[in-house]
Every structure is written in C-alpha cells, then in structure tokens.
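Please open the structure in your viewer and keep the selection panel at hand. The stops below each begin with something to select.

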Amino acid sequence: MPVTVVAAKPAAQDVQPDKYRFIVNLTDPVFRGWHHGKKKHDDDLEAMLERSRAAGVKAMIITGGSLHESKEALELAQQLGFYATVGCHPTRSAQFDQSRGGPEKYLEELDKLIAAHLTGKGRVVAVGECGLDYDRTHFAPAEVQRKHFRSQLALAKKHHLPLFLHSRAAHKDFVQILREEGFDKDGGKAVGASGGVVHSFTGTPEEATELMDMGFHIGLNGCSLKTVDNLTTAKAVRPERLMLETDAPWCTLTSTHASKAHLTSLPPTLNALYFPSGTKPESFVYGRPVKGRNEPTAIGGVAWVVHKLNDGVPFEKVTEKAWKNTVEVFGLTELQ
C-alpha cells in the first residue's frame, strides 16, 4: 500500500517543526526492508516515522488496495493512532471474481470491515482506493474494473464516506460512472456520499476542472508534477479543491522532473527535512532514508512546488488550505 500526504501550516524560512501539520497515506513492505520480494535491510518503519515527525507529519491515512490490505491498513492505523481507507484498487479488481464466495461475498466483506471500524482510534475515513486504470488492464480488464468500481461507490453511499479515487487514462468512463451513480454534483451528497479526492492526479486541466465542478478534490504528488503539462494542470487546481500527497514509496520527486526547477529555491533548512540524504538498500544505515524510496517527509517538497507555481501565494497559505480541505473531507475534526 502506498503513502499519500497533505500539508498545513509550516513556516517557510524559520523552521519550527512543531508548527507543521501534515496528513499522509502509508504502508508498503519496503518500509520493512523488503525490496522486490527480497530482504535488503532491517525494518526501519519507526525511523521513517521519526523523520516524518521531524518534517511536521502529525497524522497519516493508510490506504487499502484490496480486502487483505485494507485489513492490514486498519491494524496498522490502530497500532499507530492513524486512519485508514477500505477498498479495492482497480488493478486488483479481479479479486472480486476470484474470491471463494464470488464478487458479492468480497463486497460484503469490505462492507463489514467498514461497518466495524467507523469510529474510534484507527477508524475508516474513506472508501478506496478505487476507480479505473486503463494503463494496466493486463491486471484487470476494463469491464471488470468498471463493474467493481461501481459496486464500491455503493459502499460510500451506504456509510456516508468520502472516496479515495484512482483514475489513469480512463477519464471518460470514470466520470460517466460517477455521474450515473449520483456523484454528478456536490460529491454525491444527494445520494448519501461525502465527496472525496482523485489522488495522484495526472490528467489535463479540463479533466481536473470537470471533477472539481462535480465536487471532488484533486490530490497532487510527485507523479502529478513530472512534466510541464502536469505543472499546468497543478496550477489550475482551485485552492478550495486542493490536496497534497506523496504516494510513498512511489511518485518520488526526481531531478529529471519539471518540478525540479521549482525545488531549487527550497530553503536549505527545509530541504534537509523534506529530502534527507539517503543510502542505497545494499548500503543501508539505520536512521537514514533509502534511495529510490519516497517517504512522507517529501510532502513538504510537493507543497513547495505548488507554492512556486502560484506566484504570490505564500507557502503557509498553500499548506494551510490543503490541511483544512483534508480535515474537512475526511472528517478529522480532532485534528483541528
């Protein structure tokens, strides 16, 4: 399961980490030392969390990508005092049909999992990650993805939860299904739902505008800032619909991305917090990041790029707005 982050309230020049607040989505074996199925180094989850806290991360939303992973996400959220999502990623939607009891049983198990964790520590705050991914139909055919995306929307309506959404090369069908299921305006509030976020957004400005007009938020991370066209879309995201994330351990901000030009102005004090020096897995040193593995600390870098794209808007304003949006959408009132 990946990590996504959202920011709020840092001081751009005078670094005071206790004044930072971020939200993150987490979990993947690489934080336990496993890379491509092989144990490369010691478990360093706690060290990663410590770096995140130093960079201002105060809470995390741990995403579920399948029934099994949703259970893991909830367990970890309860252990660490975070939050979780429950759902099935489009590339794993074939699991509905492959499950022993069939798709109805799989959906029922997701439903039960949500119902049992709606309150308290480690609670479910969204349905997902669900949606459509036509770039990877070799994992699940498009028609299978569409069927089980639609069925998960019913869970959001039933439990009055926001959606944690995924859309890749499928905007037309993605929007059509949302509209047909009553999510055409106000994020589906008329049918009992509570909006949500289309995370790791890589679409066009026009696609982002359509989704925002339907009442959804747009999540930006390193993958959303790779190209000049991506930056144009990021700049088009309205402040009241903005969320920030990392999708760690994926979607790293790298030197080859268009975002790099905007990161050169990041103050050294913040750069050290958001992008601490790392080592290769084979040369692992406990307490230091692993190269090539994105971490929640990088949310500050995402926020900085968005700040630079919006000339005249202070860094603090960008992060405060993203924080406020996230707390409101996911109902994290205890963090206000």
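Begin by selecting strand 8, helix 6 (residues 171–180) and strand 9, which make a right-handed β-α-β unit. Right-handed here means that, with the strands pointing away from the viewer, the path from the first strand over the helix to the second runs clockwise. Helices (H or I, at least four residues) and strands (E, at least two) are DSSP runs, numbered from the N terminus. The model is a predicted one, in which local features need pLDDT of at least 70 and side-chain atom pairs count only at pLDDT 80 or more, while totals for chains, interfaces and linings use all residues. Residues are numbered from 1 along each chain as its sequence is written, and side-chain values use heavy atoms, with hydrogens and water left out.

**Strand 8 and its partners**

Keep strand 8 (residues 163–168) selected and colour it by accessibility. Six of its six residues are buried, so the strand is largely enclosed by the rest of the structure. Buried means under 20% relative accessible area, exposed over 50%, and partly exposed in between (1.4 Å probe, protein chains only). Both faces of strand 8 are covered: one side carries L163, L165 and S167, the other F164, H166 and R168, and all are buried.

Next, add strand 9 (residues 196–198), which runs parallel to strand 8 and is joined to it by three bridges. Two strands pair if DSSP finds at least two bridges between them. To see where they face each other, select F164, which stands opposite V197 in strand 9.

Now add strand 7 (residues 124–133), which is parallel to strand 8 and linked to it by six bridges. Two positions are useful for orientation: V127 stands opposite L163, and G131 has H166 as its bridge partner. Then display helix 5 (residues 142–159), which together with strand 7 and strand 8 makes another right-handed β-α-β unit.

**Strand 7, strand 6 and the preceding loop**

Stay with strand 7, where 10 of the 10 residues are buried. Strand 6 (residues 83–86) runs parallel to strand 7, with three bridges joining them. Within that pairing, select T85, whose bridge partner in strand 7 is A126.

Then move to H117, in the loop between helix 4 (102–115) and strand 7. Is H117 buried or exposed? Its relative accessibility is 18%, so H117 counts as buried. Leaving aside neighbours within four places in sequence, H117 is in contact (heavy atoms within 4.5 Å) with L74, Q78, R123 and V124.

**The nonpolar cores**

A nonpolar core is a set of buried Ala, Val, Leu, Ile, Met, Phe, Trp, Tyr and Cys residues joined through side-chain atoms within 4.5 Å. Select F149, L163, F174, L178, L211 and L244, which touch the most other members of the largest core, a set of 74 residues. Helix 11 (residues 299–309) provides the largest share of this core, seven residues. Centre the view on L211, which touches H171, F174, V175, L178, V198, F201, F216 and I218, not counting residues up to four places away in sequence. Apart from this core lies another, of 13 residues, including Y83, A126, V327 and V329.

**Helix 12**

Select helix 12 (residues 315–330). With 16 residues at 1.5 Å a residue, the expected span (1.5 Å times one less than the number of residues) is 22 Å, and the end C-alpha atoms are 23 Å apart, which agrees. The buried residues of helix 12 are F315, V318, T319, A322, W323, N325, T326, V327, V329 and F330. Directly after the helix, inspect G331, whose phi is positive, near 65 degrees.

**The cysteines**

Finally, select the cysteines. How many disulfides does a search of the whole structure find? It finds one disulfide (a pair of cysteine sulfur atoms within 2.5 Å). The disulfide is formed by C223 and C251, with sulfur atoms 2.2 Å apart. This link is left-handed, with -95 degrees about the S-S bond. The pair links distant parts of the chain, 28 residues apart: C223 lies in the loop between strand 10 (217–220) and helix 8 (228–236), and C251 in the loop between strand 11 (242–244) and helix 9 (260–263). C223 counts as buried at 15% relative accessibility, and C251 counts as buried at 11%.

End at C88, which is in no disulfide. Its nearest cysteine sulfur belongs to C130, 9.1 Å away, which is too far for a bond. C88 is buried at 1% relative accessibility, and C130 is buried at 0%.
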